[in-house]
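Student: Before I trust any labels on a model, I'd like to hear where they come from. Could you take me through them?

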Amino acid sequence: MFDISFWELFIIGIVALLILGPERLPGAIRSTVKTMRNMKNMASGFKTEIEEQLRVHELHENLKKAETMGLDKVSPEVAQSVEELKQAALSVQEPYKKKQDDEPK
């Protein structure tokens, strides 16, 4: 990731030891590692969210294509996307159906 040699890292460690001292250096290292880990987790979460949004967008495009062509004349890829969207819609509606069935009339 970073192009840092051993000697550069060694010099950074010596400078940090001189500035922070031996008492505060371990805490500073832990804090830095924790911050880097949080940034990495945020970046991977952002990447996952973008990939999911692109997938949803692709499914919507395929659904639009299927609507314009007629649902019986579509390619297998588009038909699979339409089926995935139908299943997703049913799974989203399922919790609401259970709540409506539980309510007394």
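Tutor: Sure, we'll go label by label and set each value against its cut-off.
This is a predicted model, so local features need pLDDT of at least 70 and side-chain atom pairs count only at pLDDT 80 or more, while totals for chains, interfaces and linings use all residues. Residues are numbered from 1 along each chain as its sequence is written, and side-chain values use heavy atoms, with hydrogens and water left out.

Student: How many helices and strands does the protein have, and what makes a stretch count as one?

Tutor: There are 2 helices and 0 strands. Both are DSSP runs, numbered from the N terminus: a helix is H or I over at least four residues, a strand is E over at least two. Helix α1 covers residues 6-69, and α2 covers 76-102.

Student: How do you know that α1 isn't straight?

Tutor: Compare the spans. A straight helix of 64 residues would span 94 Å, but α1 spans only 62 Å between its end C-alpha atoms. The expected span is 1.5 Å times one less than the number of residues. There's a kink of about 110° at Gly 21, shortly before the proline Pro 22. That bend is the angle between axes fitted to the seven residues ending at a position and the seven starting there.

Student: Why is Phe 6 called exposed?

Tutor: Exposed means over 50% relative accessible area, buried means under 20%, and partly exposed is in between (1.4 Å probe, protein chains only). Phe 6 has 57%, so it counts as exposed. Trp 7, at 59%, is therefore exposed as well. Phe 10 comes to 43%, so Phe 10 is partly exposed.

Student: What makes Phe 6 and Trp 7 an edge-to-face pair?

Tutor: Rings of Phe, Tyr and Trp (its six-membered ring) pair if their centres lie within 6.5 Å; planes under 30 degrees apart are stacked, over 60 edge-to-face, and the rest tilted. By this rule there are 3 aromatic pairs. For Phe 6 and Trp 7 the centres are 5.2 Å apart and the planes make 70°, which fits edge-to-face.

Student: And why is the pair of Phe 6 and Phe 10 called stacked?

Tutor: Their centres are 6.2 Å apart with 25° between the planes, so the pair is stacked under the ring rule. Phe 6 and Phe 10 sit 4 residues apart in α1, about one turn of the helix. Phe 6, Trp 7 and Phe 10 form one aromatic cluster.

Student: What makes the nonpolar surface patch a patch, and which residues are in it?

Tutor: Patch residues have over 30% relative accessible area and no salt bridge; nonpolar side chains (Val, Leu, Ile, Met, Phe, Trp, Tyr) are joined within 5 Å, and like charges within 9 Å. Here Phe 6, Trp 7, Phe 10, Ile 11, Ile 14, Val 15, Leu 18 and Ile 19 make a patch of about 920 Å². The accessible surface of the whole protein is about 9500 Å², of which 62% belongs to carbon and sulfur atoms. Those areas come from the Shrake-Rupley method with a 1.4 Å probe, and for residues only the protein chains shown count as cover.

Student: Why is Asn 62 called buried or exposed?

Tutor: Asn 62 is buried, because its relative accessible area is 5%. The other buried residues named in α1 are Gly 21, Leu 25, Leu 59 and Ala 66. Of the 105 residues of the protein, 10% count as buried.

Student: How do you know that Arg 55 and Glu 52 meet in a salt bridge?

Tutor: A salt bridge needs a side-chain nitrogen of Lys or Arg within 4 Å of a carboxyl oxygen of Asp or Glu. For Arg 55 and Glu 52 the N to O distance is 3.4 Å, which meets that cut-off. The structure holds 1 salt bridge. Arg 55 and Glu 52 are 3 residues apart in α1, about one turn of the helix. Arg 55 is partly exposed at 39%, and Glu 52 is partly exposed at 37%.
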